[in-house]
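Subject: Handover of a structure

Dear colleague,

Please find the structure for your study below. My notes on what was found in it follow.

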Amino acid sequence: MPMSSARSGGTSALDLPRTPTGFQQFSHALRARTPRRGATLPAEPRWRSEFVDRAAAGPRVTLREFGYGSGELSTWRGRPDDTAVVGPLQLLTQEGLACLTEVCDALEGTAGHSRFIATRRLRSADLLSPFINNMIRDRAFLVTCSRLVGVPLIPHPLRIPTAQINYGSGQGRPEIVRWHRDGMDYVFTIQLNGYEDYEGGRFTYFQGRTDEFPEAEPGDARIREAACGERGATLFLHGSRIFHAVTPVTKGRRVVLVISLFCPYFARQDSNTFWHLAGDDGIAATVPHWLRLKWPVRNPAVDFSLRAGSPVVTWDDLG
Ligand SMILES: O=C(O)CCC(=O)C(=O)O
Ligand SMILES: [Fe+2]
């Protein structure tokens, strides 16, 4: 079993703070600033398609197993969007992982602070890093991710949240990822260190419906820990339908790349809300991207791929 129930030594992962909602979320939206860019960018290795392990596979849990009914799932011509969790698995080769780690390490100085979801993070990392930009827009990468989830996926056209790097260090103020669900539906996390590098930093989630989460009590068997301890461990989460958090890193350093993808065929069902995005990025930065996302479309695969600067991925690519 890749997952285990998360409770140790009398403290519960449920004690972690939760992402603000309502007025507090609005106040984050007023205070959040567009990501700032440094003048000089670090040199980095080149991305190569061969870095993707096209045969990557791992255990899969369905949204039905989380308690969602068939009527709540999006479908396209009889194909349901029913994947809740896939992995942990290795998506990149060892060489690819070493390059990605070098890239994310070099970007740490550009990370900003936020108290909305993740304490220290770099949003839109693909705008700073050609390596990450090329990786998340590589056909081999996208088709492999699409097959794992079972729906065609491209980078999210909202751009700012598409590639985020979370940094957690055991020194100073605890850096955490609060209990939250993502605005995004299709989220991959890639661990750039292993448990040998840090203490704490356990990826925790609630194996139930999001509307059941507020009633969860410490010791609830539905609070699970994903076994993401191996360097490179990659986990897919249907982020908008699963409450999750990361326990504080108490020693060492943890770096995770979070990639948000988008299914053009389910554009109308996209779970983002304006205020969830604005809470992280500020109102001014969110408005133009939001309008572009909501504009009506005719051919979803082609139209959204153009918006996201992505190769086109269709149902036929899933094989
Ligand atoms: O840092 C992680 O492992 C995941 C963070 C996360 O869930 C998020 O940034 O939305
Ligand atoms: Fe998340």
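What is the mean pLDDT of the protein chain, and what share of its residues reach 70 or more? The mean pLDDT is 88, and 91% of the residues reach 70 or more. Please bear in mind that this is a predicted model, with scores of ipTM 0.98 and pTM 0.85. Where pLDDT is low, the predicted coordinates should not be read in detail.

I begin with the chain as a whole. The protein chain contains 8 helices and 19 strands. Along the principal axes, its C-alpha atoms fill a box of roughly 55 × 50 × 40 Å. A compact globule of 319 residues would have a radius of gyration near 20 Å, and the protein chain, with 18 Å, agrees with this. Of the 319 residues, 45% count as buried. If one takes the contacts with a separation of 6 or more, 83% of them are between residues 24 or more positions apart.

Next, I would draw your attention to helix H2, which covers residues 94–106. Its 13 residues, at 1.5 Å a residue, should span 18 Å; the end C-alpha atoms are indeed 18 Å apart, so the expected and computed values agree. The buried residues of this helix are Gly-96, Cys-99, Leu-100, Val-103 and Cys-104. Seen down the axis of H2, these buried residues fall within an arc of 130°, and therefore they line one face of the helix. Gln-94 and Glu-95, on the other side of H2, are exposed. What lies over the buried residues? The cover includes helix H4 (130–136), strand S11 (163–169) and strand S19 (249–262).

Finally, a single residue may serve as an exercise in reading the model. Ala-140 belongs to helix H5, which runs over residues 139–149. Is Ala-140 buried or exposed? It counts as partly exposed, because it has 16 C-beta neighbours inside 10 Å, whereas a buried residue would need 20 or more and an exposed one would have 12 or fewer. Leaving aside residues up to four places away in sequence, Ala-140 touches Ser-49, Val-52 and Arg-54. Val-52 is 88 residues from Ala-140 along the chain, yet the C-alpha atoms of the two are separated by 6.8 Å.

Yours sincerely,
A colleague

Definitions and conventions. Residues numbered from 1 in each chain as written. Chains lettered and ligands numbered in written order. Predicted model: local features only at pLDDT ≥ 70, side-chain atom pairs only at ≥ 80, totals over all residues. Helix = DSSP H or I, 4+ residues; strand = E, 2+ residues; numbered from the N terminus. Contact = placed C-beta atoms within 7 Å. Rg over C-alpha atoms; globule rule 2.2 N^0.38 Å. Expected span 1.5 Å × (residues − 1). Arc of directions from axis to C-beta. pLDDT = per-residue confidence, 0-100.
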